[in-house]
Amino acid sequence: MNLQYWALALQAFFALSALATPNPLSGSSDVVVRDPAIWYNSNNKKYYVFATDEKIKIYTSSSLTGPWTRQGSVLPNCSNIQLDGRCALWAPDVNYVDGQYVLYYSVSSVGSQNSAIGVATSPSMDAGTWTDLGEVIRSNPGDPFNAIDPNLIDSNDGDGLNGLKLAFGSYWNGIYQVGLWPDVKTRASDLPGTHLAGANGRPAEGGFVYKPPSSQYYFMFFSDGITPFDGATSKPAAGKEYKVLVGRGARGLGPFYGQLGNDLTQDLNPPTGTLVLGSHDNVYAPGGQSIFHDPVSNRDVIVYHYIPNDKFGGPSYLGINYLDFSSGWPVVVA
């Protein structure tokens, strides 16, 4: 590793650290979640947040600042995917495709590659309206990927590979992406697909590809580091905890590069990717992020989970902030 690279990395780190990161918007500090995903129903004018556990928890609110109401679960009778974890579903991702709401979810157990991603659809996102369509992709021990942490994007890349793309992956050799066609369940390209980020067991997961209306670029957000769970008794070494990083690229299938110009799939030290959101104030180990364009405020919104420093060892809570892309890179703002 050359000295110039280290100097640039340190310069970027201290420049970002010098910027004051705003705290989460008020109104969600009592909402217990992991891996939240958010969408807006323009018919009933409600926001919906989906989260890990309790067969994919649903919260609703008429405002991003709450109050948030627990509304039930997406799959109260468990997934029809016959794997361990079919009743303890993880990491939802929600979108709107061809007149219906589409939610992808993970079926697995901690540390296992016996994993699958399933999909459910709904006309409204309300509890009791979801239909489980079952398995989309699966992983097995020895695969270069783990089939968890799904994320859907409908991107037009102008190269004959237009349309629905599903990103997935955690640890192992990283985060990948495959095409879907002709519907939200059917895989149209071979596994593992296009390599987007991570390598060699790097703790990179939760990939989320997003193109803000104001930018020509696609941005690949991901969570990097160790995420403490409820009941944790000690913190990871400083700087090794969960944080949200990003790269950007010209297409929805990458490649994606951090601000230092390194591809997110490169195995470098310091790791590739540009910091978007790290620990600050009472916010510790933020991650599990989801991004969407809010039609009400006409602003880009990031939701994530975090652990309050003053409640370490307990559950994680819902964080919501706006993102500003005017610099060419996402910046968390109030």
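**Salt bridges and cores in a predicted model**

R70 is partly exposed, with 32% of relative accessible area. I begin with that residue, and I should state at once that the structure before you is a predicted model.

What does the side chain of R70 meet in a salt bridge? Its partner is E54, at 2.5 Å from N to O. E54 is likewise partly exposed, at 46% relative accessible area. In sequence the two residues are 16 apart: E54 sits in the loop between β2 and β3 (57–61), while R70 belongs to strand β4, residues 69–73. The pair thus links distant parts of the chain.

Side chains of opposite charge can pair when their charged atoms come close. In total, the structure holds three salt bridges, and I turn to the other pairs.

R138 and E135 form a salt bridge, with their closest N and O atoms 2.8 Å apart. R138 has a relative accessibility of 29% and counts as partly exposed; E135, at 30%, is also partly exposed.

Then there is the salt bridge between the side chains of R202 and D224, at 2.7 Å from N to O. R202 is in the loop between β12 (194–197) and β13 (204–210), and D224 is in strand β14 (residues 218–224), so this pair ties together parts that lie 22 residues apart in sequence. Are these residues buried or exposed? R202 counts as buried because its relative accessibility is 11%, under the 20% cut-off. D224, at 8%, counts as buried as well.

I now move to the nonpolar interior. The largest nonpolar core has 19 residues, of which F50, I56, V74, L103, Y105, M125 and W130 touch the most other members. Which elements give two or more residues to this core? They are β2 (46–51), β6 (100–107) and β7 (115–122). The most comes from β6, which gives four residues.

L103 serves as an example. Beyond its neighbours within four places in sequence, L103 is in contact with F50, I56, V74 and W130, among others. Its contacts also include P92, D93 and V94, as well as G118, V119 and A120.

A second core, separate from this one, has 18 residues, including F219, F221, I302 and V332.

Finally, a word on confidence. The mean pLDDT of the protein is 94, and 93% of its residues reach 70 or more. Where does pLDDT stay under 50? It does so over residues 13–18, for which the model has two contacts beyond four places in sequence. Where pLDDT is low, the predicted coordinates should not be read in detail.

Definitions and conventions: Residues numbered from 1 in each chain as written. Predicted model: local features only at pLDDT ≥ 70, side-chain atom pairs only at ≥ 80, totals over all residues. Heavy atoms only, no water. Core = buried A, V, L, I, M, F, W, Y, C linked by side-chain atoms within 4.5 Å. Buried < 20%, exposed > 50% of the residue type's maximum accessible area, 1.4 Å probe, protein only. Contact = heavy atoms within 4.5 Å. pLDDT = per-residue confidence, 0-100. Salt bridge = Lys/Arg side-chain N within 4 Å of Asp/Glu carboxyl O.
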